[in-house]
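Q: Got a minute to go through this structure with me? I'd like the fold, then the pockets.

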Number of protein chains: 2
Amino acid sequence: MPKVKLWISIAQKSMKILIIGATGTIGKHVTAALQKDHEVIKAGSKSGDIQVDISSLESIENFYKQCGKFDALLCASGDGQFGPLASMKDADFRVGVNSKLMGQVNLVLIGQHYINSKGSFTLTSGALAEDPIIMGVNLSTMNGAINGFVKGAAIELENGVRINAVGPDIVEESPGYFSYFPGHIPVTMSRVTQAYIKSVLGGQTGQIYKVL
Amino acid sequence: MPKVKLWISIAQKSMKILIIGATGTIGKHVTAALQKDHEVIKAGSKSGDIQVDISSLESIENFYKQCGKFDALLCASGDGQFGPLASMKDADFRVGVNSKLMGQVNLVLIGQHYINSKGSFTLTSGALAEDPIIMGVNLSTMNGAINGFVKGAAIELENGVRINAVGPDIVEESPGYFSYFPGHIPVTMSRVTQAYIKSVLGGQTGQIYKVL
């Protein structure tokens, strides 16, 4: 069946993939899965092959210049502010705005000028957008924002470039957070990893892959 | 039927309602509907009884100090940045972040310390969170953020205070925008107004009242 064989070899064409947060709880699994068949550049705020601070425009611009043209960017990084609404202030809220929201947005606004045609961006939102927890209002907001951004950006990205987000519930390897997520069933790293794989190796765009 | 009569008089108890954007396209209709039975303080960036710049923490704080305790705050105001993704920069994106998102968020973060028990906040998001248009990525993002914020804040607001958002599609009285919303059916001001009324006079919280 030569035809089938050809299709498989196309699907497995090696790509150059940039992973932000590559040594983090989620990123290390996604990195392990993708680097079997692809060239992965691991990035992080302190570790990895290249350092990048996604809250800094200059750092993002330098990051892309160092990496050169690429086929996929995954961001499994971005800070938010856990804390009670009653005492939350603008400055607390801006932690999520400047990192989880604008960090990821700027990775796309800037990265769209470096990415290869038919490339893809995969961002990270989360279940809290629709399934809130006490002290999670900042993250609910940022996750909702990323979901809206992905839908809005997907219809404008040019040259066949795609964008999706993965929106996981609390993951099994973050037991330190379990008590803040009462009744939530921690999701397996395997399922979360597959959602990122689906975004990078699949053909869809404008999707929020919820892992619940 | 004295029992029924009593219920009606409770439902129509006069409230003190603050409306931001009271002279705007949506706000003027909501104001007209609510001021028949309630004390309405009309606020706007340039017009109304009191001026407030929702992108300024100091202005919001002064606004609440001038208004004193209140029963409901409605925000039908907030700027976003229309424009193509391909040329969008961080600074463009921050227009929506600082006004439509953080303006409304700060109205709640600060206002929660001034609002009467059993009061309510009603914010404005919009259909673009899930039904994007070309050049609308900033607003899709901000609308998604407001929807997430409302869900996260609703479970933490104290003393029976509620929060909802109204998420309208393009409204019939904004014909200047129609060409940017191809195929969208403009919604009537009457239906949009009713969504705000439902939030203020109803009992629900954490809801996104979509008007599509």
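A: Here is a short walk through the fold, one strand and the pockets.

Q: What kind of model is it?
A: This is a predicted model.

Q: How many helices and strands in chain A?
A: Chain A has 6 helices and 7 strands.

Q: And what pattern do they follow along the sequence of chain A?
A: Chain A reads α-β-α-β-β-α-β-α-β-α-β-α-β.

Q: What is the strand order in the sheet of chain A?
A: The order is E3-E2-E1-E4-E5-E6-E7. The sheet is open, has 7 strands, and its pairing is parallel.

Q: Which strands stand at the edges, then?
A: Strand E3 (50–51) and strand E7 (207–211) of chain A. Each has a single partner strand, so one side of each has no neighbour in the sheet.

Q: Take a pair from that sheet. How many bridges join E4 to E5 in chain A?
A: There are 4, between strand E4 (residues 70–75) and strand E5 (residues 115–124) of chain A. The two run parallel. Within E5(A), Ser120(A) is the bridge partner of Ala72(A).

Q: Overall dimensions of chain A?
A: The C-alpha trace spans about 60 × 40 × 35 Å along its principal axes.

Q: How does the radius of gyration of chain A sit with a compact globule?
A: It agrees. A compact globule of 212 residues would come out near 17 Å, and chain A has 17 Å.

Q: What share of chain A counts as buried?
A: Of its 212 residues, 54%.

Q: Switching to chain B. Is strand E6 mostly covered or mostly open?
A: Mostly covered. Strand E6 (residues 162–168) of chain B has 7 of its 7 residues buried.

Q: Which residues lie on each side of E6(B)?
A: One side carries Arg162(B), Asn164(B), Val166(B) and Pro168(B). The other carries Ile163(B), Ala165(B) and Gly167(B). Both faces are covered.

Q: What does E6(B) pair with?
A: Strand E5 (residues 115–124) of chain B joins E6(B) through 5 bridges. Strand E7 (residues 208–211) of chain B joins E6(B) through 4. Each pair runs parallel.

Q: What stands opposite Ala165(B)?
A: Leu123(B) stands opposite Ala165(B), and so does Ile208(B) in E7(B).

Q: How does the chain get from E6(B) to E7(B)?
A: Through helix H6 (residues 189–201) of chain B. This β-α-β crossover is left-handed.

Q: Pockets now. What volume has the largest pocket?
A: The largest pocket has about 1000 Å³. Its lining counts 37 residues, and the closest to its centre are Ala76(A), Ser77(A), Gly78(A), Asp79(A) and Lys100(A).

Q: Which elements give two or more residues to that lining?
A: Helix H4 (90–111) and helix H5 (137–154) of chain A.

Q: And how does the lining of the largest pocket divide by residue type?
A: Into 15 nonpolar, 18 polar and 4 charged residues.

Q: What about the second largest pocket, how much space lies in it?
A: About 850 Å³. The second largest pocket is lined by 32 residues. Nearest its centre lie Ile26(B), Ala76(B), Gly78(B), Lys100(B) and Tyr177(B).

Q: Which elements give two or more residues there?
A: Strand E2 (39–44) and helix H5 (137–154) of chain B.

Q: Last one. How does the lining of the second largest pocket divide?
A: It divides into 13 nonpolar, 15 polar and 4 charged residues.

Definitions and conventions. Residues numbered from 1 in each chain as written. Chains lettered and ligands numbered in written order. Predicted model: local features only at pLDDT ≥ 70, side-chain atom pairs only at ≥ 80, totals over all residues. Heavy atoms only, no water. 1 Å grid on protein atoms, 1.4 Å probe; cavity = no way out; pocket = protein on both sides within 12 Å on 5 of 7 lines; lining within 4 Å. Points joined across faces, edges and corners; volume = space filled by probe spheres on them. Nonpolar A, V, L, I, M, F, W, Y, C, P; charged D, E, K, R; others polar. Buried < 20%, exposed > 50% of the residue type's maximum accessible area, 1.4 Å probe, protein only. Pairing = 2+ DSSP bridges. Right-handed = clockwise from strand over helix to strand, strands pointing away. Rg over C-alpha atoms; globule rule 2.2 N^0.38 Å.
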